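This report looks at the confidence of a model, at its nonpolar cores and at the surroundings of one residue.

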Amino acid sequence: TAAAGGGTTVSGTSLKSNHSTTNVDTDFGVSLGSGAGAQRKAVAIGGEAGASSGAFTVSVGYQAGKSIGSDSVAIGREAASNGGSGGAFNVLVGRKAGQVNCGSEAVAVGNQAGGTNLGTKATIVGASSGSNSGTGAASLGFQALSNNAGNYAIGVGYQAGRVSAPANSITLNATGDSGMDDSGLTAAFKVAPIRGVAHGTTVGALQYDTSSKEVTYSTTAASG
């Protein structure tokens with residue numbers, strides 16, 4: 001039956017905008033927007049949102065969830081919008097988050113977070129971070145692990161592991177310097193900054209202060 005004023009149409013247990021060109025597929029779907037299409041027990045709000053989504057999905061925003069797997073959430077313009085984004089159990093929030101080729105059970109939050117080739121079980125938080133990320137990769141920060149992150153790589157901080165983060169590596173960056181990338185150091189641990197102190201031991205030797213809990217490196221050698 002048509003709602004008063006012709007804004008929406010209710011058919012059985014489904015809801016469809018009169019401006020939508022895509023039918024609600026099955027029971028309990030909600031579709032609002034030109035070209036939006038909700039599948040079984042799914043919600044699609046926005047132009048072309050959820051047009052090719054799986055069941056039990058939530059797609060909000062222009063072309064959001066246009067190609068998203070079942071039991072997933074896509075919120076933001078063009079989040080999970082292109083072909084190959086069909087992994088299941090994903091949460092993608094932000095403009096173009098997880099836009100192309102998502103694995104499954106991944107999380108991407110931020111503008112273009114995990115925008116291309118988001119790895120299965122990856123957790124990506126930060127604008128332009130986590131593209132081309134491997135399985136289980138994790139990033140936090142602007143452009144952290146933004147390209148070619150190996151499986152289980154971790155990047156925390158501004159542009160941490162931006163160019164390349166090998167598999168099983170950890171990069172912690174609190175310097176604002178983007179030059180902490182090395183494609184040849186698999187399973188490496190990289191951190192900056194570490195404060196230099198004149199310990200008088202061996203130049204470059206690390207020392208842990210049990211009182212302040214700080215790790216420093218020696219800038220001077222032992223005398224004599």
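The model is predicted, and its protein chain has a mean pLDDT of 85, with 83% of the residues reaching 70 or more. Among the elements of the chain, the lowest mean pLDDT belongs to strand E1 and the highest to strand E11, as the table shows.

| Element | Residues | Mean pLDDT |
|---|---|---|
| Strand E1 | residues 8-11 | 44 |
| Strand E11 | residues 123-125 | 98 |

Over residues 1-13 the pLDDT stays under 50, and for this stretch the model has 19 contacts beyond four places in sequence. Residues 17-26 likewise have a pLDDT below 50, with 35 contacts in the model beyond near neighbours in sequence.

The largest nonpolar core has 13 residues, of which Ala-74, Ala-80, Leu-92, Ala-108, Leu-118 and Ile-124 touch the most other members. Ala-108, when neighbours within four places in sequence are left aside, is in contact with Val-91, Leu-92, Val-93, Ala-97, Ala-113, Gly-114, Leu-118 and Ile-124. Another core, of 5 residues, lies apart from the largest one and includes Ala-137, Leu-145, Ala-149 and Ala-153.

Asn-90 lies in the loop between strand E6 (73-75) and strand E7 (91-93), and Asn-90 counts as buried because its relative accessible area is 0%, where the cut-off is under 20%. A polar atom of the Asn-90 side chain lies 3.0 Å from the backbone oxygen of Gly-87. Not counting residues up to four places away in sequence, Asn-90 touches Asp-71, Ser-72, Val-73, Cys-102, Gly-103, Ser-104, Glu-105 and Ala-106. With Glu-105, the C-alpha to C-alpha distance is 4.8 Å, although Asn-90 and Glu-105 are 15 residues apart in sequence.

Key. Residues numbered from 1 in each chain as written. Predicted model: local features only at pLDDT ≥ 70, side-chain atom pairs only at ≥ 80, totals over all residues. Heavy atoms only, no water. Helix = DSSP H or I, 4+ residues; strand = E, 2+ residues; numbered from the N terminus. Buried < 20%, exposed > 50% of the residue type's maximum accessible area, 1.4 Å probe, protein only. Contact = heavy atoms within 4.5 Å. Polar contact = N/O pair within 3.5 Å; in protein donor to acceptor, adjacent residues only side chain to side chain. pLDDT = per-residue confidence, 0-100. Core = buried A, V, L, I, M, F, W, Y, C linked by side-chain atoms within 4.5 Å.
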